[in-house]
2 protein chains.
Amino acid sequence: MERWTDSRIVFQGKIITVRTGTVVLDDGTTAYREVVEHPGGVCMLPFTGHSVILVRQFRIALNRDLLEAPAGKLEGAEDPLRRGLIELEEEVGLRAGRVVDAGKVCATVGFCSEVIHLFLAFDLEETERRPEPDERIERVEIPLGEVRTGLREHRFDDAKTAVLLHRLLAHLDGPR
Amino acid sequence: MERWTDSRIVFQGKIITVRTGTVVLDDGTTAYREVVEHPGGVCMLPFTGHSVILVRQFRIALNRDLLEAPAGKLEGAEDPLRRGLIELEEEVGLRAGRVVDAGKVCATVGFCSEVIHLFLAFDLEETERRPEPDERIERVEIPLGEVRTGLREHRFDDAKTAVLLHRLLAHLDGPR
């Protein structure tokens, strides 16, 4: 257990806020902390019955493209599932007839408040894609067999997507 | 594909650096981006043969404690495995006789450069714990059966830890 004794916002951006300051630990000692405040997000893994639908997207933070499950940032106190269904339509043009809660993950707990809500999406219906003006998104369909091989060979580098793919397999295969 | 046309550092901390600026997209349009630069990290999952050893730690960014596999930040161009073995000794007092590469994950690709290298650690030997002065870490042993139940019930919220636990099960159970 620790709590801020004093802190201040050192950067206020459009996506993140950075807070730094001093915390006091349980025994009264103090320590410096640096925290990125983030509104949180949602990530949806659509499964057609034989394939997952992912997006390939260039990410400037890593200077490379990555395969990711469709995802988006929450606006304020928005319902994560509602936002997830919107992102699913915008990014890959899919409507989900059935959604299964797949928990949540904290993206990087050492310095960041971001929580990502996870869902599996089934009973898909094709609609129209509407990417944001500054998004360049390629829709990629990956058969279940390749998902299994790819996970075994650690080929899905995006953390939220790796967790969701593992959870899809657990959902499909049942406990063992 | 996109690249910075101009950018500047708006915050330089002890752990993170924040860069903002303008990128140019493939068709020449421009967009604003906010990026957290992070040196990357390593996360080790020690398995005794019947239990995993995790740490419970309060994280001020989330204002709660979390169960995590032992982990640490890389210093400069440090070898991830070397750093991981040091963290394993410091945080849980374990030396690993055998280590299996479990890939890597990008923590939160939308705005952050952090890459976390993942390893499974076997053939464990007890040594002495040496936590950092500002770390309050409780060592927690979780039997494999509880790991399986916990994953099924989405009880491991830390993303890197969830990926590593899934990868341990895949390693132990083999393909299916």
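This report covers the domains of chain A and its contact with chain B in a predicted model.

Residues are numbered from 1 along each chain as its sequence is written, and chains are lettered from A in the order in which they are written. Local features need pLDDT of at least 70 and side-chain atom pairs count only at pLDDT 80 or more, while totals for chains, interfaces and linings use all residues.

**Domains of chain A**

Chain A is assigned domain 1 (2-37) and domain 2 (41-173); the bounds come from an automatic or database domain assignment. Their centres, taken over C-alpha atoms, are 31 Å apart. Five residues of domain 1 touch four residues of domain 2. Contact requires C-beta atoms, placed from the backbone, within 7 Å.

**Chain A with chain B**

Each chain gives 55 residues to the contact. On the chain B side, α3(B) gives the most, with seven residues. Helices here are DSSP runs (H or I, at least four residues), numbered from the N terminus.

The table sorts two sides by class. Ala, Val, Leu, Ile, Met, Phe, Trp, Tyr, Cys and Pro are nonpolar, Asp, Glu, Lys and Arg charged, and the others, Gly among them, polar.

| Side | Nonpolar | Polar | Charged |
|---|---|---|---|
| Domain 1 of chain A, touching domain 2 of chain A | three residues | no residues | two residues |
| Chain B, touching chain A | 30 residues | seven residues | 18 residues |

**The α3 pair**

α3(A) (residues 159-173) packs on α3(B) at about 40°, with axes 9 Å apart. The contact includes A:Val163 and A:His166 of α3(A), and B:Val163 and B:His166 of α3(B).

Key: Contact = placed C-beta atoms within 7 Å. Helix = DSSP H or I, 4+ residues; strand = E, 2+ residues; numbered from the N terminus. Axes fitted to C-alpha atoms, helices over the stretch in contact; angles between N-to-C directions.
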